[in-house]
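Hi,

Here's the structure I said I'd pass along. Have a look first, and then read on for my notes on what turned up.

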Amino acid sequence: MPLRKRFAVVVVIILLGAMLGSAFGQIIGKILPEGHVKTFFLKSVPVGFRTVHVDLAVFTFDIGLMLRLNIISVVGVVVLAYLLRWVY
């Protein structure tokens, strides 16, 4: 597999796994009662950079990327990577 395709597959695995893991984490957050276990699973760490406002004379735009990773997101990435490796 060419390097470019391999890189694209890795990026898709990371982003899709993190999104699916975060969605699953939100579902778990609704089910679990308040306590240390819920805090452990749902406490997130922001990774990325905040929104930057760029104002040019002709147009303006905002650039930003922030991923909020938690333990369930990491589990989602690992599970999706395993499944895609098994299938792909």
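A quick one to start: is K38 buried or exposed? K38 counts as buried, with a relative accessibility of 16%, and the cut-off for that label is under 20%. Keep in mind as you read that this is a predicted model.

**The charged pair**

K38 has a partner: its side chain meets that of E34 in a salt bridge, at 3.0 Å from N to O. Side chains of opposite charge can pair like this when their charged atoms come close. The two ends of the bridge sit in opposite settings, since E34 is exposed at 69% relative accessible area, whereas K38 is buried at 16%. If you go looking for other bridges, the count for the structure is 1.

**The overall build**

Reading along the sequence, you get the pattern α-α-β-β-α, which comes to 3 helices and 2 strands. The protein is more spread out than a compact globule, because its radius of gyration is 17 Å and the globule rule gives 12 Å for 88 residues. For the outer dimensions, picture the C-alpha atoms filling a box of roughly 50 × 40 × 15 Å along the principal axes.

Buried residues make up 15% of the 88, and K38 is one of them. The accessible surface is about 7300 Å², and carbon and sulfur atoms account for 72% of that area. As for how the chain meets itself, take the contacts between residues at least 6 apart in sequence: 49% of them join residues at least 24 apart.

**The aromatics**

How many aromatic pairs does a search of the whole structure find? The search gives 2. One of them is F40 with F41: the ring centres are 5.4 Å apart and the planes lie at 65°, so this pair is edge-to-face. In terms of cover, F40 counts as exposed at 53% relative accessibility, while F41 is partly exposed at 26%.

**The UniProt note**

One last thing, from the record. An unreviewed UniProt entry lists residues 65-84 as "transmembrane region". In the model, that span is 70% helix and 25% strand, and its end C-alpha atoms lie 25 Å apart. That annotation may be inferred rather than shown by experiment.

Cheers

Definitions and conventions: Residues numbered from 1 in each chain as written. Predicted model: local features only at pLDDT ≥ 70, side-chain atom pairs only at ≥ 80, totals over all residues. Heavy atoms only, no water. Salt bridge = Lys/Arg side-chain N within 4 Å of Asp/Glu carboxyl O. Buried < 20%, exposed > 50% of the residue type's maximum accessible area, 1.4 Å probe, protein only. Helix = DSSP H or I, 4+ residues; strand = E, 2+ residues; numbered from the N terminus. Rg over C-alpha atoms; globule rule 2.2 N^0.38 Å. Contact = heavy atoms within 4.5 Å. Areas by Shrake-Rupley, 256 points an atom, 1.4 Å probe, with all protein chains shown as cover. Phe/Tyr/Trp six-rings, centres within 6.5 Å; stacked < 30°, edge-to-face > 60°.
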